[in-house]
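Here are my notes on the model you asked about. Have it open while you read, and follow the points one at a time.

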Amino acid sequence: MNIFRRLLNSSDAKPSDISNSSVEIKQPASKGSSQTPPVPAAEATSPITTHNDVYLGDGATRPLNEETLLNYITPKHVSFGQGTDIGSVRTNNQDAAFSFYATTRSATETPDFGLFVLADGMGGHIDGEKASAIAIRVVAQKVLASLYTPMLDLSNDNQPSITESLQEAVEAANAEVNKAIPDGGTTLTAVILMNNLAYIAHVGDSRLYLINGNNIDQITRDHSLVQRLIELDHITPEEAEDHPQKHVLYRVLGPNETVEVDMLTRRLPARSKLLLCSDGLWGLVENKDILEIVSQSIPPQDACQKLINLANKHGGLDNITVILIHLPD
Amino acid sequence: MPETAKFSTLGNEGGQDNSLKANFVLQNRYKIIGVIGAGGMGMVYQARDLNFTDVKKLVAIKEMQPTTGEAGLRATMLKTFRREANILAALSHPSIPKIFDFFDLNERAYLVMEYINGSDLEALLTKTKDLPTEKIIDWAIELCDVLDFLHNQKPDPIVFRDLKPSNVMVDSLGKVRLIDFGIAKTFVTGVKNTSIGTEGYSAPEQYKGDMTPQSDIYSLGATLHQLLTRKDPRLETPFSFNERPIRKFNANVPDGLIQIIDRALGFNAQERFQNCREMREALEKLRDKPSSNQNQPPQSVQQYSSPVAKREGTDIFIEDSANGAIQPKWIFKAEDELRSSPAVSGDLAFVGAYDTNMWAIKSDTGELAWKFATKGGIASSPTVDEQNKLVLFGSEDFTFYALDFRTGRSSWTHPTKDRIRGSARVAHGHVFIGSDDGKMYALNITNGRLLWAYDASNPIRSRAFVTNDLVIFGSESGEITGITLSGNRKWSYRTRKSVMAAPLVDMKEGICYVGSTDNFLYALDANTGFNSWRFRTNGSIYGSVAIYKDLVIVASVDKYVYAVNAQSGKERWRFLAEGAFVGAPLVHQDAIYVGDTDGYIYCITASTGKERWRYKTRGSITSTPCATNDTILISSMDRTLYAFPHVG
């Protein structure tokens with residue numbers, strides 16, 4: 001950025017081009033609550049004043065000065081990171097993760113499309129890692145074939161229901177794991193992102209969190225015995241913490257020929273974040289610590305690494321896998 | 001999570017095989033014949049007692065092999081095993097296997113007991129297709145009897161703790177025998193790794209460490225439930241028996257048995273039978289009842305096809321007030337059929353009739369305020385614009401009317417090229433109206449001047465929904481279209497048959513809900529038209545949806561009103577009516593009002609789908625009710641507009 005700025009300042013850089021450019025900031029509709037464009041802290045002194053000049057309240061629009069223009073960053077697209085670690089205790093990594101994001105700019109207005117899948121396998125020895133690997137592969141293959149490829153065909157008419165396609169993909173993954181790994185199973189949490197609408201499929205106790213400002217909400221419901229006991233008001237969340245059967249799941253992909261999949265849709269607020277994680281993270285890192293790391297203004301890939309580091313610092317008792325997605329403005 | 005097992009009870013498989021081999025003789029007395037099962041902490045063998053030389057006396061020998069390497073813990077385990085063996089040895093009951101011997105050898109403990117020639121219930125379930133209900137009742141009575149015996153032991157009651165099909169043997173005489181007295185269970189310590197599948201049969205309180213005789217009653221209920229439904233509770237959501245009604249899977253079970261099992265499965269211990277004697281008496285009463293009662297025609301399975309629906313006929317839920325207690329506050333008679341819905345503004349109600357008139361009626365008394373005649377029948381529902389004090393509607397005479405709603409005088413009209421049966425929507429200073437001529441018109445609300453007309457090439461009867469960016473409507477072609485406020489197509493989604501219903505957009509979530517005559521309710525992304533989910537009914541959907549909290553309410557020609565979770569597209573409840581639904585439901589506070597083609601208007605509790613009251617009009621209802629604070633208005637084909645009190 002510094003080099004870039006120096007280049008502009010030293011060269012002629014046709015400043016007139018910039019001042020004549022069509023970028024305008026209109027007077028915000030609701031005064032006071034307007035969000036000022038983010039300006040890096042280091043630049044806070046001089047640009048801020050110029051900046052304020054724009055909001056004179058006289059209704060006139062003026063070109064921004066160069067520096068503000070160059071530092072004006074509004075994320076227009078999703079950014080994401082993915083990380084996994086074997087942890088500090090286990091001898092193999094039975095987690096699996098898949099991230100896919102396609103963004104298109106053309107006259108045909110294909111919406112941005114993302115698919116994020118996380119699976120945490122279980123079963124003796126290598127069965128777990130096989131189960132999770134099958135699960136993410138089948139879901140990715142089915143979803144891309146039934147939803148993404150048709151989108152490129154412009155076949156908007158009679159397109160399949162996204163929830164149905166996603167659910168069918170997860171059911172196909174279940175059948176595949178059931179056939180291939182009779183003694184294993186896997187959790188699965190999958191998110192399809194189309195613009196700012198999330199379609200979610202979930203089985204097991206991996207989690208999806210929505211982080212918006214200072215709120216962190218668990219969107220998925222653990223299919224665990226203790227969660228069920230909490231929902232039925234039979235034990236408290238505190239009692240669940242050290243319940244002897246804390247790790248008993250009643251629903252995963254694999255053991256049965258059919259599986260009931262939790263499906264839901266969520267419209268995501270601007271600048272919110274989605275976090276998919278295996279129990280290796282949420283079992284060892286408290287929500288407030290997750291929130292703190294995720295709220296830092298660092299690239300999502302770095303945040304993923306920090307989350308993994310913290311889980312390892314707290315013992316790393318299990319494999320740790322995270323996918324973090326930043327939504328744009 | 002490497003070291004996990006599918007079910008925690010099978011935790012000791014895998015290691016090297018150190019079980020006793022055939023022909024091995026234990027204690028110089030018991031000659032091993034073979035392995036008959038794997039218990040909690042070791043093998044169970046079949047053996048021959050060599051002390052009986054002339055007869056072949058068979059015994060079962062249970063082996064306890066502490067898997068822990070830690071000496072102190074191992075000692076405790078052996079001690080507990082021995083103590084339980086002593087308790088067992090002292091028990092004498094026909095359903096409890098006799099204990100013959102107990103000894104330690106090579107750090108393993110052995111329990112010698114009666115060999116039972118038979119099959120356990122779990123094996124019976126896989127071997128058979130259908131177990132006779134009478135047999136199951138007999139077994140249940142015997143199990144109550146032995147549990148009652150255990151629960152009445154002194155000084156402390158014995159709680160079996162682990163009743164499940166695999167722990168109940170049926171011997172060669174057809175009598176039940178309890179096996180596996182939870183001896184090993186005491187030693188099962190917390191499973192550290194994630195495991196799949198729960199115990200399934202255990203009562204909720206057992207997970208807090210509370211074991212009471214009532215816990216055994218719950219497990220007995222769970223066992224009976226599985227015998228009748230063939231649904232393994234270990235593979236289902238824990239404590240969800242009530243979501244799998246026995247009737248749904250087995251139509252031949254008498255009501256009395258279902259009630260007994262439901263009570264045994266009470267979530268809280270105090271909801272269950274007080275003791276096994278009480279449960280046994282209930283079962284005996286059922287068994288001894290003349291069988292006429294058991295052979296009653298099974299209720300239709302269809303009725304139970306939803307996991308939530310627990311309806312047992314419509315009448316059951318009608319509250320007292322329904323029996324004629326709800327009467328209209330007033331009625332208003334028009335000169336021909338009322339096919340469309342009323343609208344209200346302040347103290348005036350408006351309704352169009354096939355007699356060509358738009359009627360304005362005082363909403364508190366039902367007296368006529370004014371009427372306005374068009375040149376054709378009116379099938380379009382009026383729309384009120386409070387700001388400009390207009391009532392807007394179309395007519396079979398091809399014309400769209402805007403009247404001053406205080407006087408009934410024409411403010412402006414706009415011609416189209418065919419009949420207008422759709423209804424108008426007012427937004428952004430314009431009115432949007434579809435016509436059978438295939439166009440969606442955007443007209444200036446104050447003077448009726450045409451802003452644009454979008455050609456859908458097919459009759460439009462679906463009322464448009466207008467968001468901040470889009471006008472969304474359906475057409476005869478089955479297409480749902482989103483056009484920009486300047487009249488350009490942004491997206492379309494094609495259903496298989498015509499869309500007459502008005503789309504409804506949840507503005508917060510940006511999801512558009514609309515039903516089609518292809519039987520589906522669709523949830524579309526309002527910005528892109530992508531199909532988020534769809535929900536299938538068994539009949540055409542003509543009416544629009546209503547929203548109550550997180551529920552989308554839709555009524556179908558299949559006579560059902562459905563409540564569907566907005567986020568998942570899954571059914572929450574359904575309500576069966578007498579006739580088909582063509583009109584749409586209205587949500588008013590916590591109630592749903594909807595009319596059917598048999599002439600009934602129903603009031604339903606929105607959260608549960610239970611009926612509060614119904615009233616029969618003399619004609620079909622094809623329209624949607626409308627509400628003021630305390631009054632519900634609905635028009636019927638019997639030429640009458642009804643006003644009912646709304647009871648909050």
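**Notes on strands and cores**

1. Start with the open sheet in chain B: 4 strands in the order β28-β29-β30-β31, with antiparallel pairing. Strands here are DSSP runs of E, at least two residues long, while helices are runs of H or I of at least four, and both are numbered from the N terminus. Two strands pair if DSSP finds at least two bridges between them. At the edges sit β28 (504-506) and β31 (531-536) of chain B, each pairing on one side only.

2. Before going on, a word on ground rules. This is a predicted model, so local features need pLDDT of at least 70 and side-chain atom pairs count only at pLDDT 80 or more, though totals for chains, interfaces and linings use all residues. Residues are numbered from 1 along each chain as its sequence is written, and chains are lettered from A and ligands numbered from 1 in the order in which they are written.

3. Now zoom in on strand β30 (residues 520-525) of chain B. It is joined to β31(B) by 5 bridges, and the two run antiparallel. Look for Phe520(B), which stands opposite Arg536(B) in β31(B).

4. Is strand β33 (residues 551-555) of chain B enclosed or open? 5 of its 5 residues are buried, so β33(B) is largely enclosed by the rest of the structure. (Buried means 20 or more other C-beta atoms within 10 Å of the residue's own, exposed means 12 or fewer, and partly exposed is in between; C-beta atoms are placed from the backbone.) Leu551(B), Ile553(B) and Ala555(B) point one way, Val552(B) and Val554(B) the other.

5. β33(B) has antiparallel partners to check. With strand β32 (residues 546-548) of chain B it shares 3 bridges, and Tyr548(B) stands opposite Leu551(B). These two strands form a hairpin with 2 residues between them, where Lys549(B) in the turn has a positive phi of about 50°. With strand β34 (residues 560-565) of chain B, β33(B) shares 5 bridges, and Ile553(B) faces Ala563(B). That hairpin has 4 residues in between, and Lys559(B) in the turn has a positive phi of about 80°.

6. Last, the cores. A nonpolar core is a set of buried Ala, Val, Leu, Ile, Met, Phe, Trp, Tyr and Cys residues joined through C-beta atoms within 7 Å. The largest has 185 residues, and Val117(A), Ala135(A), Val139(A), Val322(A) and Val561(B) touch the most other members. Its largest share, 10 residues, comes from helix α5 (residues 127-152) of chain A. A second, separate core of 39 residues includes Ala140(B) and Tyr218(B).
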